[in-house]
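Q: Could you walk me through this one with me? I'd like to go over strand pairing, cores, salt bridges and a few backbone angles.

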Amino acid sequence: MRCRLRLSIAAAVAAVTVSACAATPPPPPPPPTGPAGQPGPVLRDWRTIITRTDRDRYNRRDAAWTLALQQVRRLPGSGDLSGLGALIDPDAARAGVRPPVGDYRCRTVKLGSQGGEAGLGYVVYDWFACRIEATPAGLKFSKLTGSQRPGGLLFTESGDHMVMLGSVALAAEPPANSYGQRPDRDLVAVLERIGERRWRLVIPWPQNESNLDLIELVPN
């Protein structure tokens, strides 16, 4: 009798154990990892975020280059274009676009004029301070000084360019708001590597003044 009782108790314990195991949900999958197995951010596809207006700007960036360079050739400008080299070459992008995190010196070159023949064909600005930092949402670009300070998140698109969705802060305003909060300040840009330690942001059809803005980036 005692033997049968022990067997019954053992069977009941085994049944409870199997039931508990069956009811226990599987462990969650491990978080995505970055370099060296470190936890990495999960970025949404920029195509699910971009506005219709900025998608059109992005798709027509070749037309922005063409019009802007035509205006550069026939309109007066401000600054020296002769030493810019690959910066103003539409086909200068190289492979290996991902930039290092850190501080950069940067300068803006505006090409073309939204004012047509009455405007300047180009403006070359002096150097300012910029930064690329790693955030929980991915790489973020910020222009830190100057009267026009764009900033935004960088999304991997291909081996030779990344897409930035961002916004612009003006004058003494605080840093730019997140993309989509102010349509009149939103921008789409393409990041390209154009030299051994040289990158550019290409901003087609900016909100004001020019038809194409370039921001040259050189690590400090």
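Q: How many bridges pair β2 and β3, and in which sense?
A: In this predicted model, β2 and β3 pair in the antiparallel sense over 9 bridges, where two strands count as paired if DSSP finds at least two bridges between them. One of the pairs sets Y104 opposite its bridge partner C130 in β3. Strands here are DSSP runs (E, at least two residues), helices are runs of H or I with at least four residues, and both are numbered from the N terminus.

Q: Before we go on, what are the ground rules for the numbers?
A: Residues are numbered from 1 along each chain as its sequence is written, and side-chain values use heavy atoms, with hydrogens and water left out. As the model is predicted, local features need pLDDT of at least 70 and side-chain atom pairs count only at pLDDT 80 or more, while totals for chains, interfaces and linings use all residues.

Q: OK, and which strand does β3 pair with through 6 bridges?
A: That is strand β4 (residues 138-143), which pairs with β3 in the antiparallel sense. A hairpin joins β3 to β4 through 2 residues, and in β4 the bridge partner of A134 is L139.

Q: What about β1, parallel or antiparallel to β3?
A: Strand β1 (residues 77-78) and β3 run parallel and are joined by 2 bridges, with S78 standing opposite V123 in β3.

Q: Zooming out, what's the order of elements along the sequence?
A: The protein has 3 helices and 9 strands, and read along the sequence the pattern is α-α-α-β-β-β-β-β-β-β-β-β. Among contacts (heavy atoms within 4.5 Å) between residues at least 6 apart in sequence, 56% join residues at least 24 apart.

Q: Which residues have the most contacts inside the largest nonpolar core?
A: They are V109, L111, L165, L212 and L214, in a core of 27 residues. A nonpolar core is a set of buried Ala, Val, Leu, Ile, Met, Phe, Trp, Tyr and Cys residues joined through side-chain atoms within 4.5 Å, and buried means under 20% relative accessible area, exposed over 50% and partly exposed in between, with a 1.4 Å probe and protein chains only.

Q: Which elements feed that core?
A: Those giving two or more residues to this core are α3, β2, β3, β6, β7 and β9, and α3 gives the most, with 5 residues.

Q: And what does L214 touch?
A: Not counting residues up to four places away in sequence, L214 touches W65, L87, I88, R107, T108, V109, L111, L201 and V202. A second, separate core has 19 residues, including V97, I132, A189 and W199. Over the protein, buried residues make up 39% of the 220 residues.

Q: Switching to charges, how many salt bridges are there?
A: The structure holds 13, a salt bridge being a side-chain nitrogen of Lys or Arg within 4 Å of a carboxyl oxygen of Asp or Glu. D45, R47 and E157 are linked in a network of such bridges.

Q: Where do the partners R74 and E117 sit in the chain?
A: R74 is in helix α3 (residues 61-74) and E117 is in the loop between β2 (102-111) and β3 (122-135), so the pair links parts of the chain that are 43 residues apart. Their side chains meet at 3.0 Å, N to O; R74 is partly exposed at 45% relative accessibility, whereas E117 is exposed at 53%.

Q: Then E173 and R185: which is buried and which is partly exposed?
A: R185 is buried, with a relative accessible area of 12%, while E173 is partly exposed at 29%. The closest N and O atoms of this salt bridge are 2.7 Å apart, and both residues lie in the loop between β6 (162-170) and β7 (187-195), 12 residues apart.

Q: Last topic: what is phi for W205 and for E209?
A: Phi of W205 is near 50 degrees and phi of E209 is near 75 degrees. Most residues other than glycine have a negative phi. W205 lies in the loop between β8 (198-204) and β9 (212-219) and is buried at 15% relative accessibility, whereas E209, in the loop between β8 and β9, is partly exposed at 43%.
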